[in-house]
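Trainee: Please zoom in on one part of this model for me and talk me through it closely, loops and charged pairs included. Then carry on from there.

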Amino acid sequence: MAGDDSSQEKTEEPTQKRLDKAREDGQIPRSKELTTSVILLLGTGGLMMFGPFMAGRLEAIVRYNFMIDRDAAFDPNLMISHLAHSVGEGMSSLFPLFALLLVGSIVGPLGLGGWLWSTKALAPKMNRMDPAAGLKRMFGPKGMMELVKAVAKVLVILSLAIILLLSMQQDMLDLANMSPLASIVESLRLSGWAAIALSAVTLLIVLVDVPFQIHENSKKLKMSLQDIKDEMKDSEGKPEVKGRIRQLQRELANNRQLSSVPEADVIITNPTHFSVALKYDPQTMQTPIMIAKGVDHLALKIREVANANDIQILESPVLARAIYHTTEVDQEVPSGLYMAVAQVLAYVFQLRNYRKGQGERPVQPRNIDVPKDMRFDP
């Protein structure tokens, strides 16, 4: 039963509809470690790349603000202009690094899960405020994984830091023998490469976290057999609803056909079970067109509409069944039935002229020839 679905084991892969809905709800794999690693690498790389440029600009700002005339120091307006100039220069000097960090904050999430904008993911969820659910998250598999990652990051980074300190020990001792300016430059270089190395080691955490996040998201999306059955039922509709829809469609189609019957030139019947309505205008049509057809109740309705509109009704069981089975509504009569239909239409048009006082009364065709391969015997 659908109500027992919670007890069923979710072993089936999610359907495409389930995946689309999960994405719409913002449920996609994300790795904070990947984003953090990308930002750290781009940030440290940006400092190494733009460091000299930023240092030069900041040095120029300091010189500009300390090298002022005595009179200017007592001019409030000049102080404001100095401040505005310093802020503008400072922002422009830091802009390359900030832009690089912005790119990292965008590229990191896009690396896993891709671009997604979902307002549902931003909506507040009251179950987040449930203390029991919070404890379950903290001490559940995901919470334990976060704890393991945090401990692993500390241990890995601490281990690498010790290794770097040992490998750079001689370089750091050599700083004492350098001039102050050279030692500052060299210490910055060593610090930069150490920061890049420490940032790069976070990729080891990423290599573990990304597969874990993908696995956890896939596990959440798995479905039970009942889930799949319910989804198919929702997609295709319940049988009784589908049956009602088909009934309404048939009724609409029948109503459209009945509305076309007054335009017909002749109704051919068999005479009780089948009725077909033909229309032919020699001025605008190359071949006759069947504009309505029906069996049993609909056949009777076609004849009733025809009688109400003085449409000629002609009994020809073999021809009526042949047209019904070989021709769709609003389609031309098959070429194999041209001669048989021509006999009927010729009689109808002659009878119409006779009623207008033109010509003699025509003889109704009795033995209408229908090809054997187009005969549909009851």
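Mentor: Asp296 is in the loop between β3 (289-295) and α13 (297-308), where helices (H or I, at least four residues) and strands (E, at least two) are DSSP runs numbered from the N terminus. Bear in mind that you're looking at a predicted model, so to speak of local features pLDDT has to be at least 70 and side-chain atom pairs count only at 80 or more, while totals for chains, interfaces and linings use all residues. Residues are numbered from 1 along each chain as its sequence is written, and side-chain values use heavy atoms, with hydrogens and water left out.

Back to the loop. Asp296 isn't a glycine, yet its phi is positive, at about 50°. With a relative accessible area of 46%, Asp296 counts as partly exposed, because that label covers what falls between buried (under 20%) and exposed (over 50%), using a 1.4 Å probe and protein chains only. Now hop to Asp310, in the loop between α13 and β4 (312-315). Asp310 is another residue other than glycine with a positive phi, near 55°. At 71% relative accessibility, Asp310 counts as exposed.

One more aspartate in a loop is worth a visit, and this one has a partner. Asp265 and Arg352 meet through their side chains in a salt bridge, 3.4 Å from N to O. Asp265 belongs to the loop between α12 (239-260) and β1 (266-269), Arg352 to helix α15 (residues 338-355), so the pair links parts of the chain that are 87 residues apart. For the record, a salt bridge here means a side-chain nitrogen of Lys or Arg within 4 Å of a carboxyl oxygen of Asp or Glu. Asp265 is buried at 11% relative accessibility, whereas Arg352 is partly exposed at 34%.

The structure holds 8 salt bridges, so let's look at another couple. Glu13 pairs with Lys222, and their closest N and O atoms are 2.7 Å apart. Again distant parts of the chain are linked: Glu13 comes from the segment before α1 (16-24), Lys222 from the loop between α10 (202-221) and α11 (225-236), with their positions 209 residues apart. Glu13 is exposed at 52%, and Lys222 counts as partly exposed at 21%.

Glu59 and Arg63 make a local pair instead, being 4 residues apart in helix α2, which means about one helical turn separates them. In their salt bridge, the closest N and O atoms are 3.0 Å apart. Glu59 is partly exposed at 42%, and so is Arg63, at 47%.

Away from the charges, try Phe212 in helix α10. Phe212 counts as buried, at 17% relative accessibility. Its C-alpha atom is 8.9 Å from that of Met145, although the two positions lie 67 residues apart along the chain.

For contrast, finish on helix α4 (residues 76-110), where you'll find Val87. Val87 is partly exposed, with a relative accessible area of 48%. Together with Leu83, Met91 and Phe98, Val87 forms a nonpolar patch on the surface, with about 400 Å² of accessible area together. Patches take residues with over 30% relative accessible area and no salt bridge, joining like charges within 9 Å and nonpolar side chains (Val, Leu, Ile, Met, Phe, Trp, Tyr) within 5 Å. The areas are Shrake-Rupley values with a 1.4 Å probe, and for residues only the protein chains shown count as cover.
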